[in-house]
Structure formats: structure tokens, C-alpha cells
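Trainee: I would like a close look at one helix pair, with the overall fold as background. Please keep it to what the coordinates give.

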Amino acid sequence: KMSSYKTLQAIQRVGQAVNLAVGRFVTVGEAIANENHELKEEMSVACIEARRAGETIAQLTDVASLDHPESDSHITIFTDKTGVVKAARLLLSSVTKVLVLADRIVIKQIITSRNKVLATMEQLEKVSSFQEFVQIFSQFGNEMVEFAHLTGDRQNDLKDEKKKARMAASRAVLEKCTMMLLTASKTCLRHPDCESARINKDGVFHRMRLALEQVIEIVTDSRPNGENEMVPISIYSGIKEFKNKVEGLRENLYFLSKENLSTMLEVILEHTEDFTDSAYTSHEHREHILELSKQAKMELEQLVSVWMQAQNQKTKDLMEDLEVAILKTCQCMNELKREVHSAATSLAADLLKYHMDHMVLKALKITGVEGNLEAVAEYTCKLSEQKEQLVEMCRLLRHVSGTEPLEITCIHAEDTFQVTGPQIISAAETLALHPSSKIAKENLEVFCEAWESQLSDMSMLLREINDVFEGRRGEKRVYLSLPRPGKHNANLKALKPVKLDTEEQAKIAKLGLELHLLTSDVDSETEKWEDQENEIVQHGQGMSSMAYSMYLFTRGEGLLKTTQDLFHQAEVHDDDKPLLLLEAEKLISMCKQLQITAKASVQGKSATFTKVRQKLYIFLKVKPNLF
């Protein structure tokens, strides 16, 4: 009896828990409905149904107080089992409706956010003055932060690892292109008649539009004109499928044709031509791949011969011969897989080691500042050669990546090198034509940083590919579009690295982006001063440089490598604090004077003074005890 009483209590607890959970769920659904009028009616109906179903389940499971539930007139789970089934079905149906409607709302929010970004991008393309550009870019920055948050949440909700990887790649492009768009546009405004500057800017806008379109394709699960997504088949996936079919012959001799198997092998061997035809594959690897390809054909011929015989006469000897043929065919394919893996990864390791010193990029920066057009042309040819090598490396790595997400990462890397190479060249040509231009120099730096960052990502990708091949999956991939958690704690002995959750990562990404937008505003203002030796200008540039270093830190880049470096960068020594506070008090009164002056000034300068005042007040909001 005690056992049955406990069972009754357990049933009641489950019913109450379901009802409470549904209540909380419905509250969220109703809040969403109130914010989205076009779906309010549908959402409200689904929420009412869910709440009713939850309450019904709670009533039917309210049996703990009954000694003899079967004989009582009160309807319970024991007297009305079909009622519980109906209530559960209604609950499942209504909850599904709420989730589907919520999903539609999220998709709509992302599309609306994308449309805002596109509209502001069109405005940015048409601006003709620095003042107008700074104002519109500030709005654009806020819209990009909102889009990043919405798509980041969506990325975390995706269950398909392939889509998740594609979303991560697109968001990485958008993040990096936001900074490229800033410097490329400023360079174009400073040098409006420069063709290479225009080409450079147009390339950034084009790439951002493609990335925005891809995000929407992933979110809506559709492609323009009803096209199907075509991802080339890799050697790894081809070999895996081929082996599965071959090993399936053990269970069923009739489930596929010999022509089907032969075609599968032909496709795999066609893809190995990417290795044997490549100028970067070593002679030794090329010979081994050709030998194994020839052997694979022979093993398949032998397998087909025994297989056909076994179909006609299933004797013990023939089945043993078939098993041997299956093992030999699979072993040959494993050896081919290992050989192409070795060819791709050894090439990647050599190229990454060779190009990690960034000598060509350094030379382009130096010759650009010198205005040496001939030398810039020479180094742009070398960069084009390097680009071709790295693109080929990415293509070969894709064949041996082992998983679909890593395949997509290889394709993203190939696109990045393919696009960034010409952008560096146009930025270097612009600097060579305008060697004294600070903004042209900054623009080249931004594109070079993107190249260096992608090379660094390739080293991490190579390790992941090797881990998959050796059966070591390692930690789950950190998405490229967010700062890498724990990276900067590597040299801290007293502290353990902390893994940030997605929300914390997003906050850091947002703050970093906002910080960089502010430094760009400051740089634009200080560049307008005729006297660049002025003490105020130099202090402003110093603060801007410090803030930019902190921004790079949030991305895992730049000279600040540890959190200790970051604290040191922001540190104010004790001896300087009284002086700093005294100067800060003076600045407040000066700001008030600036405000009066700005109001009285001629039209055109007021915007500049207002912006300076805003930046100073922002700076003074920092509490002294935080230093």
C-alpha cells in the first residue's frame, strides 16, 4: 500500500511539473505574441490550447489525496485514460505550433535586420563627405551588432553541423569586412579619383552582400531560383561511401550493381587527379597515388569477378574468396586515403611554415610608403603566386578534411585567400600612389591583418584535420566569428583559463566592435588638424592607439597576448592619479566652454565640436577608482 501511495504522489508531481512548465512556456509565447501583431492571433490560440492541455493533465493526475481513485466520482488518470492521451496530444500539438510560430518570428527578425544593414550599406556607398560617412557608419555599426547577435543565437540553435559551419563562415566574413569597409571607404573619400581605391572598396561591399545573402539562405533553408546547394564531393567522403557499399556485400549480394560500384571508384580516382595534376604535390606522393589508383582498379576487378560467381553459386569457398576480396579492396582504399592525407597535410605544413614570416606583406607596406610603384608591382606578383599556392592547399585539404563542417571551413579559407589577395594588391597600389596618406596606410594594414589572421586559422584547421584522421576529435570547434575563449590566459600561472559562454563572448565581440568604431571616429577628427605635432592631437592619437590594441585583444590578435598585457595597457600609475584627476576637473569646465563656443560658431564646425565634446564626456564617465 505504501508503494502504491508513493506511486500516486509521483503521478501527481509529474502532472504538476508539466503544468508549471507549460505555464512558463506559454508566458514566453504570449510575450512574443504581444510584440509581433501579425502573428498575435495564431500565437495566442496556440498558447491558450497549451495552457488548457497543461491544466487538464494536472487535474487528471491529481490523485494523491484519493485512497480509492477508481471508485471515486472524481475523474482521474485511472477513470479516464483516453482523456490523458487526448490532453497529451493537444499539448504536443499546441507546443509545436508555438515553437513554429516563434521560429517564423526569429527568421523575420533576421531578415528585417539584414534589410536594414543593406539599406545603410547603400547609403554608405553614395556618401561624399567624411562628416556624413561618420554619421551613417555609426548607425551601420549598431545595425551590424544587432545582426551579429541575432545570427549568433540562430547559429547556436542550429542542429545541422554543416549549416552551423556555413553560418560561422558567413559571420566571420561579415565581422572582418565591417572593418575593411570602414578603412576602404575612408580611403576612397580621401582619394576620390583613385581607381585602385574604388576597386578596393567595391570588392568589400560585394563580399559583404554575398555573405549577407548566404546567411539568409541558411536561415530560410532556401537558395535563389530554387537551386540546390552543390558542394563538391571530397575523396574522403567518396572512399567512405565506396567502402560501405563494398562491405555491404557481406550481408546482401544483390543490393547494387557492379556498374554502380565501378562508377563510384571512377569518381574517386578522378578526384585524385587534383593531387597528381598539382604542381605542388611532391614526385614521391604523385607516384604513390598513381600506383594505388592502379591497384584499386585491379582489386575491384577481382572483387567483381568473385562477387558475380557468388551470386550464381553461394559456396563456402566462394564466400571466403569474397571476404578476402572485400578486405583487400578496403585495405587498398585505406592506403589511398592515407597517401592523399599525407600529400595534402605535408604540403599545408610546409606552406604555412614558409609564409608565416609575412615577408611579402611587410615588403608591400614598406615599398608602398616609399611610393615605389615598380617594387610594389614586383611584390604584388609574389603575393599572387603565394595566393595560388594557398588556394591550392585549401582545395587539397578539403579532400582530406574528414567531416562536412571542416570541408566547409576549407572552402571558406579558399574563398578568403582568393578575395583578400587582390584586395591587398589594390590597397598597396593606392598607398604607392599616395605614399603620405595615413588612411591608405591604415587600409593596407587592415587587409594584411585579414590575410595573417586567415593563415593563423589555417594552422588550427590543419591540427583539427589531423586530429580527425587519427581519431582524436579534440575540443569542439570555436566559431571564427567570436573571440576565442581562454586563449589569452595561456601565460597566466595563477589563473586557470576560463571558457566563456556564448552570451559573454557576444558581449565582448560587441564591446570590441564599438571600441573600434570610436577609435575610427577619433582618428577621423585628429586627421583634420593642420598641426599634427599639437599636444592634444598626440594625446588623442595615443588614446586611440591604446583603444585599438584593446579591440584587437578581443579578437585574439595584436600585440596584447595575455590579460596581464591588457591590464598593463590600461594602467595608470599611482603617482599619476592626482594629476590625472586634476586635469580631468579642468577638462569639465573646458568642455562647457567648448559647448558655448560650438553653439556660437559658424555652420560646419559645430558638428566637429559637438563630437569632440561627446567623446570627452564619454571619457570622463570612467570612474577614477577603476584605474
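Of the contacts in the protein chain with a separation of 6 or more, what percentage comes from residues 24 or more positions apart? After that, please take the packing of α7 and α8 in detail.

Mentor: This is a predicted model, where local features need pLDDT of at least 70 and side-chain atom pairs count only at pLDDT 80 or more, while totals for chains, interfaces and linings use all residues. Residues are numbered from 1 along each chain as its sequence is written, and side-chain values use heavy atoms, with hydrogens and water left out. The percentage you ask for is 74%, a contact being heavy atoms within 4.5 Å. The protein chain has 19 helices and zero strands; these are DSSP runs numbered from the N terminus, helices being H or I with at least four residues and strands E with at least two.

Now the pair. Helix α7 covers residues 235–248 and helix α8 residues 258–276; their axes lie 10 Å apart, at an angle of about 155°. Axes are lines fitted to C-alpha atoms over the stretch in contact, and angles run from 0 to 180 degrees between N-to-C directions. α7 is therefore roughly antiparallel to α8, a label for angles over 145 degrees. On the α7 side, the contact is formed by I235, G238, I239, E241, F242, K245 and V246, and on the α8 side by L261, M264, L265, I268, H271, T272 and F275. By type, the residues of this contact are nine nonpolar, three polar and two charged. Ala, Val, Leu, Ile, Met, Phe, Trp, Tyr, Cys and Pro count as nonpolar, Asp, Glu, Lys and Arg as charged, and the others, Gly among them, as polar.

How values were computed
Angles under 35 degrees count as roughly parallel, over 145 as roughly antiparallel, 65 to 115 as roughly perpendicular and the rest as oblique.
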